[in-house]
Amino acid sequence: MGHGPIKILYPGSAVSSIDTGIGSIGRIDHPEINSNTVIKMHPHINDEILSYFRTGEAEHSDSEGFVKIIGGKTLMLMKAGKTFFHEEKIMGQQKTMEGLQIFIRPGKKDLNPEVVFLELEDLHSENSWRIIGSPNPETEFQFSSQTWIYDMKLLKGSTSEIPQLPKNGLTALLYVFQGSVQVNSSIDLKKKECIVFKDEPVSIQASEDAELVLFFTDEQGEIFKGGMYSGNQM
């Protein structure tokens with residue numbers, strides 16, 4: 001959805017008539033924003049927002065007192081909880097800021113707000129899945145719901161399977177951030193397209209260099225569906 005610089009995906013809208021999300025995956029925004037843009041201070045309530053900006057940079061400031069440049073190898077998770085405000089400034093740079101803002105549903109309503117930053121060792125993980133966040137304390141980004149997020153840059157002609165499931169019975173969503181791939185030798189996916197699957201083997205081949213983001217969610221896990229942006233919009 002959307003005709004401006006931010007395209008909005010409600011992943012549940014293609015598979016459900018009662019929920020715009022799938023389990024804890026509430027909404028995925030794909031912004032492409034030019035420099036000299038200010039997204040003014042605005043609220044979030046009961047959203048957990050992963051800022052996954054791959055090109056360009058933004059100056060982030062928020063109601064928790066953080067001011068930091070994010071983008072590239074610097075990722076951010078904002079756990080809004082009962083109330084949270086933030087602002088982003090995209091200023092004085094040549095590159096368009098492009099990435100994802102991923103709205104994850106929290107496990108419970110009105111948790112305490114928290115902001116966490118992650119410094120990646122490398123911009124890309126080539127031909128190997130890299131875990132970005134999970135419900136477990138072993139990852140720097142820890143979601144309050146049963147949610148796992150991975151990424152990978154799959155080089156042209158390379159093939160990959162999905163990583164071993166963190167637990168049984170999970171639903172998966174594969175999003176193509178850049179490039180194009182073929183799934184199970186029959187389904188072609190290009191930039192800004194995704195596929196949802198569960199309980200089946202999946203093989204991915206890159207038709208060209210492709211940047212992929214993979215989500216797992218436990219649809220039976222406890223979540224709060226009333227978040228300001230991540231919540232059900234129906």
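This is a tour of one predicted model, going from the whole chain to its cores, its cavity and a few single residues.

**Whole chain**

Start with everything shown as a cartoon. The chain has 20 strands and zero helices. Its radius of gyration is 17 Å, close to the 17 Å that the globule rule gives for 234 residues, so the chain is as compact as a globular protein of that length. Measured out along the principal axes, the box filled by the C-alpha atoms is roughly 45 × 40 × 35 Å. Buried residues account for 51% of the 234 residues. Taking contacts between residues at least 6 apart in sequence, 72% join residues at least 24 apart.

**The nonpolar cores**

Next, select Leu50, Leu100, Ile102, Phe141, Ile149 and Phe215. These belong to the largest nonpolar core, which has 22 residues, and they touch the most other members. Colour the strands β2 (25-33), β4, β7 (74-79), β9 (97-104), β10, β15 (171-178) and β20, since each of them supplies at least two residues of this core.

Now centre on Leu50 and show its surroundings. Setting aside residues up to four places away in sequence, Leu50 touches Met76, Leu77, Leu100, Gln101, Ile102, Ile132, Phe141 and Ile149.

Then move to Val181, Ile195, Val202 and Ala206. They are among the members of a second, separate core of 21 residues.

**The cavity**

How many cavities of 30 Å³ or more does the structure hold? There is one, and the space in the largest cavity is about 30 Å³. To find it, select Tyr52, Arg54, His124, Asp151, Met152, Lys153, Glu211 and Leu212, which form its lining. By class, this lining has four charged, three nonpolar and one polar residue.

Which strands each supply at least two residues of the lining? They are β4 (48-55), β13 (147-154) and β20 (210-217). The largest share, three residues, comes from β13.

**The loop between β10 and β11**

From the cavity lining, step to Ser125, in the loop between β10 (114-119) and β11 (130-134). Is Ser125 buried or exposed? Its relative accessibility is 14%, so Ser125 counts as buried, the cut-off being under 20%. Beyond its neighbours within four places in sequence, Ser125 is in contact with Arg130, Met152 and Lys153. Two of these contacts, Met152 and Lys153, also line the largest cavity. For a distance check, pick the C-alpha atoms of Ser125 and Val115: they are 10 residues apart along the chain and separated by 24 Å.

Stay in this loop and select Asn127, which also lies between β10 and β11. Asn127 is not a glycine, yet its phi is positive, about 60°. With 37% relative accessibility, this residue counts as partly exposed.

**Asn184**

Go on to the loop between β16 (180-183) and β17 (187-190), where Asn184 is found. Asn184 also has a positive phi without being a glycine, with a value near 50°. Asn184 counts as partly exposed, at 32% relative accessibility.

**Lys79**

Finish in strand β7 with Lys79. This lysine has a relative accessible area of 14% and is therefore buried. Show its contacts, leaving out neighbours within four places in sequence: Asp47, Glu48, Asn112, Pro113, Glu114 and Gln142.

Notes: Residues are numbered from 1 along each chain as its sequence is written. This is a predicted model: local features need pLDDT of at least 70, side-chain atom pairs count only at pLDDT 80 or more; totals for chains, interfaces and linings use all residues. Side-chain values use heavy atoms; hydrogens and water are left out. On a 1 Å grid over the protein atoms alone, a cavity is a set of points where a 1.4 Å probe fits but cannot get out, and a pocket is an open set with protein on both sides within 12 Å along at least five of seven lines; lining residues have an atom within 4 Å of a point. Grid points are joined across faces, edges and corners, and a volume is the space filled by probe spheres set on the points. Helices (H or I, at least four residues) and strands (E, at least two) are DSSP runs, numbered from the N terminus. Ala, Val, Leu, Ile, Met, Phe, Trp, Tyr, Cys and Pro count as nonpolar, Asp, Glu, Lys and Arg as charged, and the others, Gly among them, as polar. Buried means under 20% relative accessible area, exposed over 50%, partly exposed in between (1.4 Å probe, protein chains only). Contact means heavy atoms within 4.5 Å. A nonpolar core is a set of buried Ala, Val, Leu, Ile, Met, Phe, Trp, Tyr and Cys residues joined through side-chain atoms within 4.5 Å. The radius of gyration is taken over C-alpha atoms; the globule rule is 2.2 Å times the number of residues to the power 0.38.
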